[in-house]
Every structure is written in C-alpha cells, then in structure tokens.
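Work through the exercises below with the sequence and the 3D view open. Try each task before reading its solution.

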Amino acid sequence: MRVTEISLTDWRNFAAVQLKFDDAINIFLGLNAQGKTNLLEAINFASLGRGRAVKDAEFVRWGQSSALLRIKFFARSVEHVLAIEISPNKRRRILFDANALKPRELVGKLNSVLFSPEDLFMFKGSPVARRKFLDAEISQASPVYFANLSRYNRLVDQRNNLLKKIRDGFARADELDLWDEQLAEVAEKVLAKRLAAVDKLNFLANLMQRRISAHKENLSVVYEVHGQDASNNLTENFLEALRSRRFVDIKRGSTTLGAHLDDLNFFVNGHELKLFGSQGQMRTAALALKLSELQFIKSETGEYPLLLLDDVMSELDASRREMLLDFLRREKIQTLITATDRAYFPPRSFGKFFFVTAGTLTERVNSFADGH
Ligand code: ATP
Ligand code: MG
C-alpha cells in the first residue's frame, strides 16, 4: 500500500488542504489541537469507515454542509482514487475509481493500521477495544470476513428484539428456530476465522515482543470464548449451544454467547498481562501487537498496510523508538507519524516533514538544517 496524495475539504478543522506523501516516512509536527490527529483520522476513516466521531456530522467542519476526502494510492502496484463525501443526516457517497461503492464495500480497499496512545491501555478495561483491534485486522485482510461479521451483528440485533418480544409475551419461542439456524451458520464462520487469525497473531506478536525486549519476554495471545469452557467446539456446534441457552437468553432479552461477547487475553512469560504486567511490558506488548498486525495484513494480502502513528513517539522510550524506526525503514513501510516535538527523530534525511498549524499544512524540506 502506498498513498501518494490526499485532499481534504471541510474535514474537521481543515478547510482545504492537499498534500503529496513521501513513500517512506512522513512526519507531522505541531502543537496541541492543530489537526494532527484529524489528518490521520481521515486516512483511517477511508480504511475502516469509522473514526472518533459518533455521528458523521462531527467530521464536517463547523458551519459547513459537507466534508470531502480524496485519496490517491497504489494497492499492489495499481493506482486507485478513493473519494468520500460526508454530509450530516445523509448517506455517505463513496467513489472508488469513479465507481459508486456501498459503505460496507469500503473496508479492504485502502489498508491502514492506526497506533495511538489509547492502544497502550487496550489490555485493561472493556473488551470492546480488543474486539475492534482484532476485527479491523481481519476485515482489512478479508472482505468476506467483514461481510460475515456485519451480517452476524445484524442477526444478533434482530434475534435480541425477538427475545424481548418472547419474554414480554408478544411472540412464541419457536419463532427463534429460523433465526438460530441463520445465526449459527454465520457465527461459526466468524469464529473460525478469528481463531485462525489469533493463531497467526500469537506467533507474529511473540516474535516482535522477543525482539523489542531483547529476548527477555514471550507474549501469547489467547482467544476467549465468552461463557464457554474451551472443550466446547463452537465452530461446529454453535446451534446446539444457542439452543441450550435459549431460556437464559429469553429471560435476559439478549443473546448471551457469540463473537459479540468474546475477548482476547494476553500473557507475558505466562502471566496475565492485565493483572501482572508493568507499564513498560504493556507498552512493549502494544507495539508488538501493532507491528504484528502489519505483518498479518501483509501475509494475507501480499503487502504492508499504511502505518499511522499518532502521538506514540512520546510514549515510547529511546530504545523502543529506535527499534520502531529501524523496523519501518528496513521493511519499507510507508508511515505517517504525528508528534509535538522533533526531538524524537534523527537529525537528517528522514522522509518528509510537515508542520500542522490550525488546520493548515506546510511542508518543510530538510527541516533540521534550517534552524527549526
Ligand atoms: P493533540 O496534540 O492535542 O493531540 P491534534 O493536533 O492531534 O492535537 P486534533 O485532535 O487533530 O488535534 O484536533 C484539532 C482541533 O480540531 C480540535 O481542537 C478541535 O477544536 C478541532 N475540530 C474537531 N472537529 C472539528 C470540526 N468538525 N470542525 C472544526 N474543527 C474541529
Ligand atoms: Mg492528537
């Protein structure tokens, strides 16, 4: 994946910007609240169809009626142009090489991995962030998985509505039969893909963790099926498991097992990271996971996704920063990095530098030589 150009119109605090990227490292420097994250969010939005906003209106520059993103990139040496128009309360308009795409067809076109300070906390707290991490990784590598997952989530919502009706006496329990069969079929596919992905991730993330920790730490990633003991093979018997929980589900008015509740757990040298990990071990593991996500997507699609590093340089110590920059250079991974301070980067001949100031972008050629 290689992004060559982006233009943003009324996206967040950018009225109109256009820029050309370096094939390797692009560094965006700026004080707080200038638009650095907004820029990275635009690219990640073009990958996954979501960003930090709850409503599309939040992406549109205040006082304007629509936002427009236009991104030129190469995927497996073929040039593409992706254009997305966002207007509050309207459907998104997406053009891919001038062909209209449905929102659900977007994922898998422009692949990117975002690493931001929130990821350092993903081991603790709610499973939502961990599921999002796993789903973003698999979906970009496999549009079929993304389609199955979306269908799975819709079916769970519909089943939950029916469960509530049954509980309240407005529907019969046997009306669940048809839903359960449909849900089980897609649930088994989603779970099988997740288990296979975690297997691979477990291997890749451990290699990275060992490399970052100078071979002192092993990392393992475990997929945890919600409320089931591991001996139950849900990839083949989901329907049976659903039926056996039917009365619990009706009582609760919700589906109490499945991919929407499952979680990931992490272990360093055999000890549960969220319970025993030090801050440094969690940082190392977060970095290892993100780098293994890049490798996972490369191994599935044939090329590295774009890497977006939002404000993480300040969170890593000098040796981890060096390891990271070395890895990116060696693997030739196109990267966009935001930071408030240039001190995190080596002095010369290092990709392109841009300054971000109140929604404007200025490129600085050889910025370290000119006294800035
Ligand atoms: P930090 O270093 O603090 O992370 P940043 O440069 O990453 O800063 P951003 O998160 O990109 O900052 O946000 C920059 C500013 O964009 C915010 O202060 C906010 O006021 C503004 N902003 C966010 N959404 C919109 C919008 N829809 N319209 C106009 N301005 C917006
Ligand atoms: Mg920011």
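**Exercise 1. Place Glu240 and find how far it lies from Leu289.**

Step 1. Glu240 lies in helix H5, residues 234-244. Helices (H or I, at least four residues) and strands (E, at least two) are DSSP runs, numbered from the N terminus.

Step 2. The model is predicted: local features need pLDDT of at least 70, side-chain atom pairs count only at pLDDT 80 or more, and totals for chains, interfaces and linings use all residues. Residues are numbered from 1 along each chain as its sequence is written, chains are lettered from A and ligands numbered from 1 in the order in which they are written, and side-chain values use heavy atoms, with hydrogens and water left out.

Step 3. Glu240 is exposed, with a relative accessible area of 57%. The scale: buried means under 20% relative accessible area, exposed over 50%, partly exposed in between (1.4 Å probe, protein chains only).

Step 4. Along the sequence, Glu240 and Leu289 are 49 residues apart. In space, their C-alpha atoms are 34 Å apart.

**Exercise 2. Describe how helices H2 and H4 pack.**

Step 1. Locate them. H2 spans residues 127-141 and H4 spans residues 176-212.

Step 2. Take the geometry. The angle is about 95 degrees, and the axes are 11 Å apart. Axes are lines fitted to C-alpha atoms, for helices over the stretch in contact, and angles run from 0 to 180 degrees between N-to-C directions.

Step 3. Classify the angle. Under 35 degrees counts as roughly parallel, over 145 as roughly antiparallel, 65 to 115 as roughly perpendicular and the rest as oblique. H2 and H4 are therefore roughly perpendicular to each other.

Step 4. List the contacts (heavy atoms within 4.5 Å). From H2 come Arg131, Phe133, Leu134, Asp135, Glu137 and Ile138. They meet Lys193, Arg194, Ala197, Val198 and Leu201 in H4.

Step 5. Sort these residues. The contact of H2 with H4 has 6 nonpolar, no polar and 5 charged residues. Here Ala, Val, Leu, Ile, Met, Phe, Trp, Tyr, Cys and Pro count as nonpolar, Asp, Glu, Lys and Arg as charged, and the others, Gly among them, as polar.

**Exercise 3. Compare the surroundings of Asn202 and Gln209.**

Step 1. Asn202 lies in helix H4, and Gln209 lies in helix H4 too.

Step 2. Check exposure. Asn202 is partly exposed, at 24% relative accessible area, whereas Gln209 is buried, at 0%.

Step 3. Leave out residues up to four places away in sequence. Asn202 then touches Leu219, Ser220 and Val221. Gln209 is in contact with Glu217, Asn218, Leu219, Val268, Gln281, Thr284, Ala285 and Ala288.

Step 4. Look along the chain. Asn202 and Val221 are 19 residues apart, with C-alpha atoms separated by 5.0 Å. Gln209 and Leu287 are 78 residues apart, with a C-alpha distance of 8.1 Å.

**Exercise 4. Which kind of aromatic pair do Phe345 and Phe353 form?**

Step 1. Rings of Phe, Tyr and Trp (its six-membered ring) pair if their centres lie within 6.5 Å; planes under 30 degrees apart count as stacked, over 60 as edge-to-face and the rest as tilted. By this rule the count comes to 8 aromatic pairs.

Step 2. The ring centres of Phe345 and Phe353 are 6.4 Å apart and the planes stand at 85 degrees, so the pair is edge-to-face.

Step 3. Both residues are buried. Phe353, in strand S14 (residues 352-357), has a relative accessible area of 4%.

Step 4. Find a cluster as well. Trp11, Phe45 and Phe59 form one.

**Exercise 5. Find charges that sit over rings.**

Step 1. The test is that NZ of Lys or CZ of Arg is within 6 Å of the ring centre and within 35 degrees of the ring normal.

Step 2. Lys200 has its charged end over the ring of Phe296, 5.4 Å from the centre. Arg364 lies over the face of Phe355, 5.0 Å from the ring centre.

**Exercise 6. Where do Asp10 and Ala358 lie, and what is phi for each?**

Step 1. Asp10 is in strand S1 (residues 2-11). Its phi is near 55 degrees, positive in a residue other than glycine.

Step 2. Ala358 lies in the loop between S14 and strand S15 (360-364). Its phi is near 40 degrees, also a positive value.
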